[in-house]
Amino acid sequence: MILVTGGAGYIGSHVTRELINQGYKVIVLDNLSTGHQSAVDGRAVFKLGDISDRQILDDLFNQYDIEAVMHFAANCLVGESVQNPLKYYDNNVGKTTRLIQSMIKHKVNRLIFSSTCAIYGEPEQDLITEQLPKNPINPYGRSKLMIETILNDTSNSDGLSYISLRYFNAAGAHFSSEIGEDHDPETHLIPNILRHLQGATEEIDVFGNDYDTPDGTCIRDYIHVQDLSKAHILALKYLLSQPKIGLQYNLGNGEGHSIKEVISECERITNKRAKVNYAPKRPGDPPILVASSSKIVNELGWVPDYTLTDIVRSAWKWHLKHPHGYESF
Ligand SMILES: NC(=O)c1ccc[n+]([C@@H]2O[C@H](COP(=O)([O-])OP(=O)(O)OC[C@H]3O[C@@H](n4cnc5c(N)ncnc54)[C@H](O)[C@@H]3O)[C@@H](O)[C@H]2O)c1
Ligand SMILES: O=c1ccn([C@@H]2O[C@H](COP(=O)(O)OP(=O)(O)O[C@H]3O[C@H](CO)[C@@H](O)[C@H](O)[C@H]3O)[C@@H](O)[C@H]2O)c(=O)[nH]1
């Protein structure tokens, strides 16, 4: 069995579904702080609880034969982490430490960790490779880098075998339109643009238009959530086939899109016009983050299938079908 923490969240719910489709048995552990129980595939076992609850973890590890943990549970908003860093150090770092302690206690030594490109900070190179210096510029990125350090140390001391997947900007929805992205409040760019185009908001805020980029707005590498799911399956298979590893892989499309470009693509696909409000920069935002994913392409054979167009199309279908997200489930 695979224990998926945060499996009621956006990315975790998509990966859970893919795991089950690939024949794995899954237990989701989630405290529903930002997730939705109705996002969890009905074929998974669902346990409501916190990753720091030692009793729950003891019970789960005793009751089920857990081969590996996929650890998605975290707080993950750059802006919020600047306002409330202790929330991030507590939930992401402190509680992950307790999860790893329980794993070691129960001799479950395989982990796939949701890391982020936010650990690189403001890299000087155009395409970010795994070896670049890690100088995160916000508490969220620092919290994830701390966990990567903890994983490395625990691998040396206790034999933990792990893969850290450093995602760039996850976006899009499952092509079935049955699950998608739904946060309250929503802070991510693509859902915010689409919700605005659906009439949910008066305008779309663009945070900063004088960055040192060709059109002055921030550039990100958007990766379809189903491409992420595929990478998790490949990573899991590799992890289960090896006695002990400690690896880090970037996951992005290798193509950057500015905020203005993303708005244009959303307008094109929805055939609607956005009302843009240029707002102040959001603290903690690096100007450009674009991945080189050649390491995972070469080593695990992962290739992304979907472009920004596919991302926006699938997200738009999800928004049209579920204008109030999971509320109406
Ligand atoms: N969304 C992105 O673009 C992105 C990019 C890079 C990395 N990540 C990482 O991917 C992971 C998933 O992100 P997401 O976008 O799906 O976020 P999300 O907020 O949708 O999902 C997180 C899930 O974890 C649960 N959770 C949080 N703290 C918990 C705790 N202490 N105990 C139990 N459950 C808890 C939440 O209820 C939620 O269901 C995170 O670790 C995030 O840092 C996300
Ligand atoms: O309404 C909005 C929302 C966002 N942005 C901007 O759009 C860009 C992308 O922002 P967002 O969609 O919030 O993603 P990020 O802040 O890049 O962070 C996401 O992507 C990171 C990887 O880059 C992950 O680590 C984080 O968990 C995830 O929240 C940033 O420049 C934002 O300032 C706007 O201008 N208006």
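Which helix supplies the largest share of the shell around ligand 1? The legends below take up this question first, and every view is drawn from a predicted model.

**View 1. The surroundings of ligand 1.** The largest share of the shell around ligand 1 comes from H1, which gives three residues. Ligand 1 is surrounded by 26 residues, and the closest of these are Gly 6, Gly 9, Gly 35, Ala 74 and Cys 76. Helix H1 (10-21) is one of the elements that supply at least two residues of this shell, and helix H4 (85-105), strand S5 (110-116) and strand S7 (169-171) each do so as well. Sorted by class, the shell around ligand 1 holds eleven nonpolar, twelve polar and three charged residues.

**View 2. The surroundings of ligand 2.** Around ligand 2 there are 21 residues, of which Cys 76, Thr 116, Leu 189, Phe 207 and Cys 218 come nearest. Helix H6 (189-197) and strand S8 (204-207) each supply at least two residues of this shell, and S8 gives the most, with three residues. By class, the shell around ligand 2 is made up of twelve nonpolar, five polar and four charged residues.

**View 3. Strand S8 and its pairing with S13.** The side chains of S8 alternate, with Ile 204 and Val 206 pointing to one face, where they are buried, while Asp 205 and Phe 207 point to the other and are not buried. Strand S8 and strand S13 (residues 276-279) run parallel and are joined by four bridges, and within this pairing Ile 204 stands opposite Val 276 in S13.

**View 4. Strand S2, enclosed by its surroundings.** Strand S2 (residues 26-30) is largely enclosed by the rest of the structure, because five of its five residues are buried. Val 26, Val 28 and Asp 30 point one way from S2, whereas Ile 27 and Leu 29 point the other way, and all of them are buried. Strand S1 (residues 2-5) runs parallel to S2 and is joined to it by four bridges, with Thr 5 standing opposite Leu 29 in S2.

**View 5. The largest nonpolar core, seen around Ile 112.** The largest nonpolar core has 88 residues, and those that touch the most other members are Ile 112, Cys 117, Ile 190, Ile 193, Leu 251 and Ala 315. When its neighbours within four places in sequence are left aside, Ile 112 is in contact with Ala 68, Met 70, His 71, Ile 163, Leu 165, His 232, Ala 235, Leu 236 and Leu 239. In soluble globular proteins, nonpolar side chains tend to be buried together.

**View 6. An open sheet of three strands.** The strands of this open sheet follow the order S12-S9-S14, and their pairing is mixed. Strand S12 (257-258) and strand S14 (288-289) are the edge strands, each of which pairs on one side only. Strand S9 (residues 219-220) pairs with S12 in the antiparallel sense over two bridges, and Ser 258 in S12 is the bridge partner of Ile 219.

**View 7. Backbone details in three loops.** In the loop between S7 and H6 lies Pro 185, and the peptide bond that leads to Pro 185 from Asp 184 is cis, with omega near 0 degrees. Ser 177 also has its place in the loop between S7 and H6; phi of Ser 177 is near 60 degrees, a positive value in a residue other than glycine. Ser 177 counts as partly exposed because 16 other C-beta atoms lie within 10 Å. Lys 107, in the loop between H4 and S5, likewise has a positive phi, near 55 degrees, although it is a residue other than glycine. Lys 107 has 9 other C-beta atoms within 10 Å and is therefore exposed. Asp 53 is placed in the loop between strand S3 (45-48) and helix H2 (54-63), and it counts as partly exposed because it has 18 C-beta neighbours inside 10 Å. The C-alpha atoms of Asp 53 and Ser 102 are separated by 9.6 Å, although these residues are 49 residues apart along the chain.

**View 8. The annotated span.** An unreviewed UniProt entry carries the annotation "domain: NAD-dependent epimerase/dehydratase" for residues 2-252. In the model, the end C-alpha atoms of residues 2-252 lie 24 Å apart, and the span is 38% helix and 20% strand.

Notes. Residues are numbered from 1 along each chain as its sequence is written. Chains are lettered from A and ligands numbered from 1 in the order in which they are written. This is a predicted model: local features need pLDDT of at least 70, side-chain atom pairs count only at pLDDT 80 or more; totals for chains, interfaces and linings use all residues. A nonpolar core is a set of buried Ala, Val, Leu, Ile, Met, Phe, Trp, Tyr and Cys residues joined through C-beta atoms within 7 Å. A residue is buried if 20 or more other C-beta atoms lie within 10 Å of its own, exposed if 12 or fewer, and partly exposed in between; C-beta atoms are placed from the backbone. Two residues are in contact if their C-beta atoms, placed from the backbone, lie within 7 Å. Two strands pair if DSSP finds at least two bridges between them. A residue is near a molecule or strand if its C-beta atom, placed from the backbone, lies within 6 Å of it. Ala, Val, Leu, Ile, Met, Phe, Trp, Tyr, Cys and Pro count as nonpolar, Asp, Glu, Lys and Arg as charged, and the others, Gly among them, as polar. UniProt positions are given in the numbering used here, feature names are shortened, and annotations may be inferred rather than shown by experiment.
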